[in-house]
Amino acid sequence: MQMEEHGSTEAESKEDIWCRETVPKVFKLVCCTLSLSHIDLVSLLLVSPSLHRTLLSSQPLWENLHLRELKNAGNRLIAALSLPRYRNVKQINLEFARDVDDTHLNHLKDKCFNSLQSLESLNLNCCQKISDTGIEAISSCCPRLKSFLIYWNLRVTDRGLQYIVKNCKHIVDLNISGCKNISDQGVQLVADNYPELESLNLTRCVKLTDDGLKSLLQKCLFLQHLNLYALSSFTDEAYRNICLLSRLKFLDLCGAQNLSDEGLSCISKCKNLESLNLTWCVRVTDEGVISIAKGCTSLQFLSLFGIVGVTDKCLEALSKSCSNKITTLDVNGCIGIKKRSREDLLQLFPYVQCYKVHS
């Protein structure tokens with residue numbers, strides 16, 4: 001009887017040790033690997049005292065504050081940054097978060113200034129209640145900011161960008177997609193202050209003209225990722241300057257209705273280009289695509305969707321120079337391309353994993 005009790009006590013002891021020592025280590029490892037939301041982390045803190053201590057001792061866990069899609073995000077943000085564990089936060093994600101506005105960002109400036117001194121990435125995508133006033137407040141707290149994302153915001157103007165370039169000197173990733181009140185003046189500020197910019201998204205910034213784009217292309221020569229989606233007003237006068245971007249890997253020109261073969265020929269000088277979206281570039285013909293085939297031999301993604309001026313001839317040219325690299329190809333709606341079944345495309349591009357063809 002005593003031996004049974006001793007065995008039972010020993011088993012319970014091992015289970016105790018497992019819960020107290022091993023489980024927290026496993027949770028810590030998992031938490032460092034996954035990108036957990038603020039709510040998830042708070043929930044884990046409540047599991048047990050030992051897990052609470054383990055997680056609090058892991059500083060990397062508290063360098064990222066994820067409030068994506070959460071309600072009452074403004075108050076949650078203030079509450080989190082008021083805690084010592086977030087004193088060295090490097091990334092804040094408020095994408096699609098609700099109930100966050102200028103008053104919350106002003107409060108952070110007044111009460112949580114020191115907690116934001118190490119911030120490197122700020123995602124305000126779709127936070128539509130934030131204006132230039134909020135940007136002024138938050139940017140003044142983030143001298144080390146490298147990535148600033150604020151797409152789909154109609155309140156942000158050139159003045160907001162003025163605050164960003166004044167307060168944040170190290171931006172390399174900027175997303176102002178859908179900020180329709182940004183003009184050439186704002187883009188000029190970006191060009192003048194961020195010569196080492198690597199990624200820029202100008203999708204649907206409809207006030208921009210050739211002058212604004214040219215200033216960017218002539219000064220931001222380190223760009224690797226450039227998104228000009230749904231900007232139909234630019235002409236070859238601006239597009240031909242894209243050839244200055246020797247490091248460019250990603251280029252989205254979907255809807256570039258004024259892009260001609262001449263402009264595309266200049267773009268073909270971007271030897272490191274890996275992804276090119278020419279969807280609805282309706283003036284392009286075989287001539288332009290063939291120049292891309294000859295110049296951009298590292299191409300992995302190519303969309304010719306909706307271009308009626310291309311034929312089998314351009315696919316043959318692409319096959320000769322890029323067949324071992326292209327993995328995604330879209331020729332849907334290209335009525336000039338004949339007899340291109342999936343089997344035909346696979347013969348030309350054996351490594352294609354995703355392809356779309358017209359019926």
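**Exercise 1. Is Trp-152 buried, partly exposed or exposed?**

Solution. Keep in mind that you're looking at a predicted model.
- Start with the place: Trp-152 sits in the loop that runs between strand 4 and helix 7.
- Next, take its relative accessibility, which is 46%.
- Now bring in the cut-offs: buried is under 20%, exposed is over 50%, and partly exposed is in between.
- At 46%, Trp-152 therefore counts as partly exposed.
- While you're there, check the backbone: phi is positive at Trp-152, about 55°, even though the residue is not a glycine.

**Exercise 2. Find where Arg-204 lies and work out its exposure class.**

Solution.
- Look in the loop between strand 6 (199–201) and helix 9, and you'll find Arg-204.
- Its relative accessible area is 40%, so Arg-204 is partly exposed.
- Arg-204 isn't a glycine, yet it has a positive phi of about 55°.

**Exercise 3. Describe the setting of Ser-147, from its strand to its contacts.**

Solution.
- Ser-147 belongs to strand 4, which covers residues 147–149.
- With a relative accessibility of 11%, Ser-147 counts as buried, because the cut-off for that class is under 20%.
- Leaving out residues up to four places away in sequence, Ser-147 touches Glu-120, Ser-121, Leu-122, Ile-171 and Asp-173.
- Pick out Asp-173 from that group: its side chain and that of Ser-147 are joined by a polar contact of 3.1 Å.

**Exercise 4. Work out how helix 6 and helix 7 are arranged, and what fills their contact.**

Solution.
- What do you need first? Two packed helices are described by the angle between their axes and the distance between the axes.
- For helix 6 (residues 132–139) and helix 7 (residues 158–167), the axes come within 8 Å and cross at roughly 5°.
- Angles under 35 degrees count as roughly parallel, so helix 6 and helix 7 are roughly parallel to each other.
- Now list who meets whom: helix 6 brings Asp-132, Ile-135, Glu-136 and Ser-139, while helix 7 brings Arg-159, Gly-160, Tyr-163, Ile-164 and Asn-167.
- Sort the residues of this contact and you get three nonpolar, three polar and three charged.
- Then look at the buried residues of helix 7, which are Asp-158, Gly-160, Leu-161, Tyr-163, Ile-164 and Val-165.
- Those buried residues pack against helix 6, strand 4 and helix 8 (184–193).

**Exercise 5. Why can helix 12 be called largely enclosed?**

Solution.
- Helix 12 spans residues 286–295, and eight of its 10 residues are buried.
- The buried ones are Asp-286, Gly-288, Val-289, Ile-290, Ser-291, Ile-292, Ala-293 and Gly-295.
- Their cover includes helix 11 (261–267), strand 9 (275–277) and helix 13 (312–322).
- So helix 12 is largely enclosed by the rest of the structure, because eight of its 10 residues are buried.

**Exercise 6. Classify Asp-211, then find how far Ala-238 is from it in space.**

Solution.
- Asp-211 lies in helix 9, residues 210–219.
- Its relative accessible area is 53%, so Asp-211 is exposed.
- Along the sequence, Asp-211 and Ala-238 are 27 residues apart, but from C-alpha to C-alpha the gap is 7.4 Å.

**Exercise 7. Sum up the chain as a whole.**

Solution.
- Count the elements: there are 14 helices and 12 strands.
- Of the 359 residues, 49% count as buried.
- Take the contacts between residues at least 6 apart in sequence: 79% of them join residues at least 24 apart.
- Finally, the accessible surface comes to about 17,300 Å², and carbon and sulfur atoms account for 50% of it.

Notes. Residues numbered from 1 in each chain as written. Predicted model: local features only at pLDDT ≥ 70, side-chain atom pairs only at ≥ 80, totals over all residues. Heavy atoms only, no water. Helix = DSSP H or I, 4+ residues; strand = E, 2+ residues; numbered from the N terminus. Buried < 20%, exposed > 50% of the residue type's maximum accessible area, 1.4 Å probe, protein only. Contact = heavy atoms within 4.5 Å. Areas by Shrake-Rupley, 256 points an atom, 1.4 Å probe, with all protein chains shown as cover. Polar contact = N/O pair within 3.5 Å; in protein donor to acceptor, adjacent residues only side chain to side chain. Axes fitted to C-alpha atoms, helices over the stretch in contact; angles between N-to-C directions. Parallel < 35°, antiparallel > 145°, perpendicular 65-115°, else oblique. Nonpolar A, V, L, I, M, F, W, Y, C, P; charged D, E, K, R; others polar.
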